[in-house]
Amino acid sequence: HTRCSGVSWARDVYKRQVQALPFLGWFVACRGLLSVKERSLAAQFCKDSLVNWIEIIPEDDDKTLRWHDHATSYRLTNLFNWLFCLWLDDDLNEFGQELDCPYSMEGILKRHISWLSEDENYSKHTNHGFDQATVVFIIALYTNYPNWKSFFELAEDRLIEEIEFAYTEEGVHKENSPGYHIFMLRRLTRFSKLGDLHTNKVSDRAMLLEERATDFKEALTLADGTLPLVGDTRGGHFVEKYDYPSELTVYDYSESGYVIVKGNVLDKPLYLMVKNCFDSVYHRHDDDLHIYLSYDDIDLLSDGGLGAHNEKDPRRITLRSNECHNVPYIFGKKAIRNRKTLVGDPTLHVSEGFIVAESFLYGQKITRTVDISHLASGSIEITDVIDGEEKGMMENLFFHQFANVSLENNQAIISVDEQKRMTIAFGSENIRAETKDRPFSKQYGVYESAPSLIIDASEQSRHSFRVRLF
């Protein structure tokens, strides 16, 4: 029976992806390529595997992830889509007549919908909760089944709240990463299209935010059409190739924690992002006051990347820390990940020639001022100040994976492909600097290394450094 299912639950029972029953999704995606006989065999395989999953995995064993919050929503999505395809397939009517033996498909669907509707199982204000509400809401639109009306109404209310929480009024997704913004923008687009199927409050709200989120997508995108490697974004994530501005242009999304400058500097495309947002703790990195700099399509001031979502992996822990970002921090103090315990909210604003950000990530206010008044000539000056302290200032800078970083005459010289690209002058008085290799992950689950620079200015509470591009 286990062999018939094609799934080794004994081995894979702890994997969330397997618990989502992905073979059901495979049937939906591939059925148009199959003959009637092949579709019948594939449908039977799916049913046998579903029965196998019901009978073999202990109902009350939480360790198996049987009812993992995200796996359950994905499994319900795959299950409903599979059943919907079977209902539409006239060639599988005979198979459909036997579908409820030995278990009622309606009963299985209700078990999932009921479980997801319980408050204790609802992952509120996360992308998991977003998906949980989404699948029940979509089933409501497709079936309008009166017996489940209370579940459907709850899902619609939850989903509206999730959408309003997940996005700022500027249309920026709050989960701290360009990659997640694109991921969740697809969901807004889906809801907008569902409005054509049935008028609903969710689609009305989604259509408004979709337009704003699409504008932000363009602002986010690098000159080559990919996303910047910031937060939980994978390297080389292609989005769309837009017309890149030749003149320096400021995209002010400061209310959402982003200021982006794009344009040509010294006849080369430049992209500068200042990021300072703490609206979500999910997948959060310690990257308040972070600067990302791409020049001539090279990410000179970069980011460690995603790694993989194993939060106990020391490499992932380092990737999320200040060690893999371009940020100031306070010597001997840990970052505060719980937003509710911050003594103040982060702020960001733009004035003529300056970008100013304030953060309380380390318990005290740090102000970062980015002077872009001479950016057209390739110069940026950055000043960091700890409020109310006389000592403790530290800086971390994280470079391109293949950069060569040399220290001489109180500056760092950064070369890529044996060509000098950037210098960072950090001063000499009571300043110590050293380079270190840190984890770097451009592909999911693949870890490499990249150079970083630690500037120890801990004898003072204020430090400035100048970036010069070549």
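**Exercise 1.** Which helices each supply at least two residues of the lining of the second largest pocket? Describe that lining.

*Solution.*
Step 1. The model is predicted. In it, the helices sought are α6, α9 (127-143) and α11 (178-197).
Step 2. The space in this second largest pocket comes to about 400 Å³.
Step 3. The pocket is lined by 16 residues, and those closest to its centre are Thr 77, Asn 81, Thr 134, Ile 138 and Arg 190.
Step 4. Sorted by character, the lining holds nine nonpolar, four polar and three charged residues.

**Exercise 2.** Find the buried residues of helix α4 (residues 22-30), and state what they pack against.

*Solution.*
Step 1. Phe 23, Leu 24, Phe 27 and Cys 30 are buried in α4.
Step 2. These residues lie on the same side of α4, because the arc they cover around the axis is only 145 degrees.
Step 3. An α-helix has 3.6 residues a turn, so residues three or four places apart point the same way.
Step 4. The packing partners of the buried residues of α4 are α5 (36-56) and α6 (69-88).

**Exercise 3.** Place Thr 423 in its strand, decide whether Thr 423 is buried or exposed, and list its contacts beyond four places in sequence.

*Solution.*
Step 1. Strand β14 (residues 419-425) contains Thr 423.
Step 2. The relative accessible area of Thr 423 is 9%. Buried means under 20%, so Thr 423 is buried.
Step 3. With neighbours within four places in sequence set aside, Thr 423 is in contact with Gln 411, Ala 412 and Ile 413, and also with Arg 466, Val 467, Arg 468 and Phe 470.

Conventions: Residues are numbered from 1 along each chain as its sequence is written. This is a predicted model: local features need pLDDT of at least 70, side-chain atom pairs count only at pLDDT 80 or more; totals for chains, interfaces and linings use all residues. Side-chain values use heavy atoms; hydrogens and water are left out. Buried means under 20% relative accessible area, exposed over 50%, partly exposed in between (1.4 Å probe, protein chains only). Helices (H or I, at least four residues) and strands (E, at least two) are DSSP runs, numbered from the N terminus. The arc is that of the directions from the helix axis to the C-beta atoms. Contact means heavy atoms within 4.5 Å. On a 1 Å grid over the protein atoms alone, a cavity is a set of points where a 1.4 Å probe fits but cannot get out, and a pocket is an open set with protein on both sides within 12 Å along at least five of seven lines; lining residues have an atom within 4 Å of a point. Grid points are joined across faces, edges and corners, and a volume is the space filled by probe spheres set on the points. Ala, Val, Leu, Ile, Met, Phe, Trp, Tyr, Cys and Pro count as nonpolar, Asp, Glu, Lys and Arg as charged, and the others, Gly among them, as polar.
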